[in-house]
Amino acid sequence: MAYYPSGNIPVLLISTVSADSTAPSIDSIVHSGIIATDAADVAVYYSDAGTGINTATVAISINSVDVTASCGVYADYTSCPRTGLAQGNNAVDVSVADNSGNTATGSGSFFVDTKPPKASVSPKNVSGGGYG
């Protein structure tokens, strides 16, 4: 056995490193359902139990238009305040990766209905002049 001049015995340290191979989770996409305004805060919630979310990889598209630059991107969610949303169905697509490079994608949709329903009343032809 070799000794150092100080008389100490060298020690070999062995550490175990495990790779993160689990993709992040996209937990929810909010707004969903029907909204009655053309403005909404579209939020996407995500998580990663391994190495954490790499916020530089978050990408959000609404109706195939990348809106990520106008969103607030955080470690566990992204908030995208939007105005001028299209009448009808609006599709949301999201992509995110963790710090190990594992990616997850998700999609959702919401419906914008800002137009009030048209109501029409047709009086019935009542004969006899009375109510009844």
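## Surface and burial

In this predicted model, the accessible surface of the chain comes to about 9,000 Å². Carbon and sulfur atoms contribute 54% of that surface. Of the 132 residues in the chain, 27% are buried.

## Secondary structure and contacts

The chain contains nine strands and zero helices. Read from the N terminus, its elements therefore follow the pattern β-β-β-β-β-β-β-β-β.

Among the contacts with a separation of 6 or more, 60% join residues that lie 24 or more positions apart in the chain.

## The nonpolar core

In soluble globular proteins, nonpolar side chains tend to be buried together. The largest nonpolar core of this model comprises 20 residues. Within this core, the residues with the most contacts are Ile 60, Leu 85, Val 92 and Phe 110. Two or more core residues come from each of β3 (40-47), β4 (53-62), β8 (88-98) and β9 (103-112).

Val 92 illustrates how such contacts reach across the sequence. With neighbours within four places in sequence left aside, Val 92 touches Ile 29, Val 42, Ile 60, Ser 61 and Ile 62. Its contacts also include Gly 106, Ser 107, Gly 108 and Phe 110. Two of these partners, Ile 60 and Phe 110, are themselves listed with Val 92 among the core residues with the most contacts.

## The four-stranded sheet

Four strands form an open sheet in the order β1-β3-β7-β6, and their pairing is antiparallel. The edges of the sheet are β1 (25-30) and β6 (72-73), each of which pairs on one side only.

Inside this order, β3 pairs with strand β7 (residues 77-82) in the antiparallel sense, over six bridges. Val 44 stands opposite Thr 78 in β7.

## Aromatic pairs

The structure holds two aromatic pairs. One of them joins Tyr 45 and Tyr 77 in a stacked arrangement, with 5.5 Å centre to centre and 20° between the planes. This pair links distant parts of the chain, as Tyr 45 belongs to strand β3 and Tyr 77 to strand β7, 32 residues apart. The two strands that carry these rings are also paired with each other through six bridges.

Are the residues of the stacked pair buried or exposed? Tyr 45 has 36% relative accessibility and therefore counts as partly exposed. Tyr 77, at 28% relative accessibility, likewise counts as partly exposed. Both values fall between the 20% limit for buried residues and the 50% limit for exposed ones. Ring pairs also bring in Tyr 74, which forms a cluster with Tyr 45 and Tyr 77.

Methods:
Residues numbered from 1 in each chain as written. Predicted model: local features only at pLDDT ≥ 70, side-chain atom pairs only at ≥ 80, totals over all residues. Heavy atoms only, no water. Buried < 20%, exposed > 50% of the residue type's maximum accessible area, 1.4 Å probe, protein only. Contact = heavy atoms within 4.5 Å. Areas by Shrake-Rupley, 256 points an atom, 1.4 Å probe, with all protein chains shown as cover. Core = buried A, V, L, I, M, F, W, Y, C linked by side-chain atoms within 4.5 Å. Pairing = 2+ DSSP bridges. Phe/Tyr/Trp six-rings, centres within 6.5 Å; stacked < 30°, edge-to-face > 60°.
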